[in-house]
Structure formats: structure tokens, C-alpha cells
Amino acid sequence: MKIGFLAMSGVRAHDKKLLELGLTLPGFVERSRTIASLPSLGLLYLAARTPAGHEMRYFEAESNGAEAPEVYSCDLVAISTFSAQIFEAYAIADRLRKAGVKVALGGLHVSVLPEEALDHADYVVTGEGENVWPAVVAAATRAAPPAIFRAADFEPVDIAQLPVPRFDLLGHRTYNRYTIQTTRGCPWRCDFCASTVMLQAPYRRRPVDQVVRDIRVIEELHPQAFIEFADDNTFVDKPWGKELCRALVPLKVKWFTETDVSVAEDAELLELMHQAGCRQVLIGLESPSAGPLAGLEQRADRKARWAARYVEAVGAIQSHGVTVNACFILGLDGQTTAVFGEILQFVEEVAAFDVQITLLTPFPGTPLYERLRREGRLLEPGAWHLCTLFDVNYQPAGMTPQELREGIYWLGEHLYGEEATRRRRKGFFSQLNRERNPV
Ligand code: B12
Ligand code: SF4
């Protein structure tokens, strides 16, 4: 068979005013450009698990929802889904099936809503795909009828046995960054978090030598590639984190990752991260003070407990030469319209190199989604295309939906203007200099 792997690229947002504003704000444009194109690691893993004897091609469907004509020459097409682009993915799947191409859908969105997806696909896969995919290929080969394949019914994925993702299939198309995973899942349970909803297994770390192996493969194909770890929370396990960093030092690679604020507590780890090429960590601070964070992390209320140390923690990380991208969520239940001003002020104090603001988003499958549904607070239930992190689709507790929209416009203008961006960057360098040349 000829098998196509179709990734949905780009970022999504529908709020017109925010889009217009975004185009004019330097800090915003910079980050969007960086993340707008990343290859689909999930599909590259599936390609690596495809039984021998099939021809394989990797495609990107662009943000206008258009697929390359060559996709129609495939016998089977695997599409990876997120909620924000699910209707585009369904439309492509419908067109392909009409043309006689078999379609398999997998990924975060359909893992939560497989029955919805089966209206548009021959095969729907829930959960991690590596061990399920060969069965899907076999089903397509014998033209088996449509079905849902659940990862839970197959051997669990052994993270120590992952193959090298088929980066070679990306061909000559260049990406700003290439992704690899060093860990899967996150042991914490934030009620809004869409990343971990489908991973049944607990937080898992990969053997460090295999991470190195995968980076070497990328480097051979794309010398000096910038690496983004597609992890949820890389440095939960500090001794393993140090082992990873020590192994990365000789590679001289530059990388970015997402982690929680507890990295700040370990100066040795921070120094190793710097030496290992970590250029930025993205950290979900979520809100400047503990109040709105209460109950957000459902296992031990970690985010509320960490809040008092945020300023000190960001300073500690940046003093080791690792920049912080501090992320805030707007519209949490404990926030009122005062939060926009509070974040602006806090950002000045915390001096993080980059700042990201997004709206609270009820992704399907999350405890947040269930709670808002029960409370009758979803504005358009099932409007998955609004799961962009930039579109309001629920009734906030402490303000109106319009106040929330106005708040993100206002904060965006103040945070991402040239002057504010320059000041933040300067703040980082002065923290760095203070640490390196203490007076
Ligand atoms: C890298 C990344 C991106 C890249 C995606 C590149 C790409 N083409 O895949 C970019 C920067 C483009 C991106 C964009 C967006 N992202 Co993003 N992103 C991530 C991130 C950090 C890692 C994803 C990843 O690589 N995981 C590792 C791989 C191995 O896992 P996987 O993709 O889940 O694949 C496995 C299974 O799902 C399954 N599988 C996946 N696809 C398929 C297909 C088939 C056929 C089968 C059988 C199996 C299968 O098998 C794979 C191997 O086990 C996640 C957070 C996270 N940790 O998941 C957020 C995340 C996926 N993103 C998110 C969001 C909201 C977005 C945006 C909507 C933001 C925006 N406003 O535009 C856009 C929309 C993207 C789009 N085009 O639709 C949410 C999605 C929530 C949801 N339910 O949809 C996440 C979870 C972040 C979060 N916590 O909110 N993102
Ligand atoms: S710490 Fe981050 S990755 Fe972990 S559950 Fe919370 S939001 Fe999700």
C-alpha cells in the first residue's frame, strides 16, 4: 500500500480582533512564527512502526485546511488530530474517503471522542498509537470494515523500546524546530490540562541514550537543528534530568522544553541545563497569586503552593542563562477583571524573557470541561474549533465573556509592544549579569 501521514500544521484562532492585533505585536508574531511549523512527532512514530513493504509519504495540510493533491494517490492516510482543527480534519477525511482512500484518525481529540470521529474515518485509534498502528495497517490491507481501535486493548507502549521517529520522511521541507520526546505524561493533574488526558500510563522517562540517539539522527539530517522537547513536564525527576543533561552536553545542541517551576529548586540541575544547551523553559505559572490557583492541580494543589515563590524561581532559572517563557491563563474561576492589570504588573516584577497569555479553554475530556458542562457554563458545547486557547467558549465566573475578550486584547497590547518586549529582555540580561558578576 501507499500510506500517507497527514499533519495539520499551523496555529488556529478565530477571534478577529485578536488576530488583527496579533499581526502588529512583535512579541506575539515572533512566538507564532516559531511554533507555527513543527512536524507531527506522533505521525513520525507511526511511520517508524509501519510494517515493512509499504511506501510512505509525509504531508502537511496547511492552516487554510487544504491538502496536497498527492494525498489522493495514497491507499491509506493517517491524520493526527487536535480539537482546534478537528472539523478541518473531518472535512479532509470525508473528501479522501469519497475518493476511495481509506482514512485512519488518531491523536488527542479522537482519543476522547472516538464515536464522533468514526462518522468520518475507516479506523479511529484512541491513545498512544505505536502498538496499535500495525493492526490498523493490516485492517486497511484487507479492507476490513470501519472500527475503533483502543490502545488499552493492546500491549502498553514500552517507552524504552520506542523506535527512531522517521525524521527522514520530512524531506527537504525545513522546520524552525524539530521535536523529540524525552518523557511522556505528567504526574500532576491540572483540571484544565489537555495533554495528559489520553495517556493511561503514568509519567514515564526515556532511557537517556535513546534520546541522544534520536537527536543524532536529526542532527545528521539537519545540522544545527533547534530541538523542542514535545514533553508535558520534562524535569519532574531531577536525578534523571541531570543524567539527561550530562548526556546532552557533548552534543552541543540547543533546545527548548516545558517543565514545572520546581526546576528552580535545584541549582545543579539549572547549571547542567544551561551547559546542555537549554535555551528556554516554558512554565505554566497560570496566575500571579495563589487565590485563583487553588484547586487547579488536583493531586496536591501544587500550583497554589508554588505561587509565593514565582518571582524568586524565575530569577533563579534565568540567572543560569536559561530564559523563561512565563505562561498565564486568563479567565480562571478565581480571577476578576483586576487580573489583567495584576499580570501586567507581575510580569514587570518577575522579568521573564518571554510571556504567553492564553484563555482558559475547556478541552474535551478534561475535568474542567465536565465541570463547566455540569454547571451549564459552556457557551457552544461541541464547538471544538474554538479550542484554540484564544477564543472564549464558556461563561467565566468572575467576569463576562466580553470582559475576558477585552482583557486579553488590552493585556496583549501592553505585553507584546516593542518597548515592553525590550524591557523584559533587558530584565533577563541584568539577572544573568547579577548572577555571573555578583557585586
Ligand atoms: C508540538 C505541539 C504542537 C505543534 C504540532 C505539530 C504537529 N503537527 O503535530 C504545533 C506548534 C503546530 C501545535 C499547534 C497547536 N497546538 Co499544540 N502541542 C504540541 C505539544 C507540545 C506536543 C505534541 C506532541 O508532539 N506530542 C508527542 C506525540 C508523540 O504524541 P501525539 O501527538 O499525541 O501522538 C501520539 C498519539 O496521540 C497517537 N496519534 C497521534 N496522531 C495519530 C494518528 C493516527 C492515525 C494514529 C493511529 C495515532 C495517532 O499516536 C502517537 C504516538 O503515541 C502538545 C502537548 C503534548 N504534550 O501533547 C500541544 C497540544 C497538543 N497543542 C494544543 C493546542 C491547543 C494547539 C493549538 C490549537 C494552538 C493554537 N491556538 O493554534 C495548535 C493547533 C494545531 C493544529 N494545527 O491543529 C493542545 C491540544 C489539546 C486538544 N485537545 O486539542 C496541547 C495538548 C497543548 C495543551 N496542553 O493545551 N502544537
Ligand atoms: S503541570 Fe502542566 S502538564 Fe502537568 S498536568 Fe499541569 S498543566 Fe498538565
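**Ligand shell, helix contacts and backbone angles**

The shell around ligand 2 is made up of four nonpolar, four polar and four charged residues. The structure is a predicted model. Ligand 2 is surrounded by C186, W188, R189, C190, C193, S195, T196, D232, N233, D260, G284 and E297. By the classes used here, C186, W188, C190 and C193 are the nonpolar members of this shell. Its charged members are R189, D232, D260 and E297, while S195, T196, N233 and G284 are polar.

Two pairs of helices were examined. In one pair, helix α13, residues 338-350, and helix α15, residues 401-416, have axes that come within 10 Å and cross at roughly 20°. An angle under 35 degrees counts as roughly parallel, and α13 and α15 are therefore roughly parallel to each other. The crossing of α13 with α15 is right-handed. On the α13 side, the contact is formed by F340, I343, L344 and V347, which meet G407, W410, L411, H414 and L415 of α15. Sorted by class, this contact between α13 and α15 holds seven nonpolar residues, two polar residues and no charged residues. The two polar residues are G407 and H414, both in α15.

The other pair consists of helix α8, residues 208-221, and helix α9, residues 238-248, whose axes come within 9 Å and cross at roughly 35°. The α8 and α9 crossing is also right-handed. Here V208, V211 and V212 of α8 meet E243, L244 and A247 of α9. The contact of α8 with α9 comprises five nonpolar residues, one charged residue and no polar residues. The charged residue is E243, in α9.

Backbone angles were also considered. Most residues other than glycine have a negative phi. A143 has a positive phi, near 55°, and is not a glycine. This residue belongs to the loop between α7 (133-141) and β6 (147-150). A143 has 9 other C-beta atoms within 10 Å; the limit for an exposed residue is 12 or fewer, so A143 is exposed.

E286, likewise not a glycine, has a positive phi of about 75°. E286 is located in strand β12, which covers residues 278-286. The count for E286 is 25 C-beta neighbours inside 10 Å. A residue with 20 or more is classed as buried, and E286 therefore counts as buried. Of these two residues with positive phi, A143 lies in a loop and is exposed, whereas E286 lies in a strand and is buried.

Key
Residues are numbered from 1 along each chain as its sequence is written. Chains are lettered from A and ligands numbered from 1 in the order in which they are written. This is a predicted model: local features need pLDDT of at least 70, side-chain atom pairs count only at pLDDT 80 or more; totals for chains, interfaces and linings use all residues. Axes are lines fitted to C-alpha atoms, for helices over the stretch in contact, and angles run from 0 to 180 degrees between N-to-C directions. Helices (H or I, at least four residues) and strands (E, at least two) are DSSP runs, numbered from the N terminus. Angles under 35 degrees count as roughly parallel, over 145 as roughly antiparallel, 65 to 115 as roughly perpendicular and the rest as oblique. A crossing is left-handed if the near helix is turned anticlockwise from the far one by less than a right angle, and right-handed if clockwise. Two residues are in contact if their C-beta atoms, placed from the backbone, lie within 7 Å. A residue is near a molecule or strand if its C-beta atom, placed from the backbone, lies within 6 Å of it.
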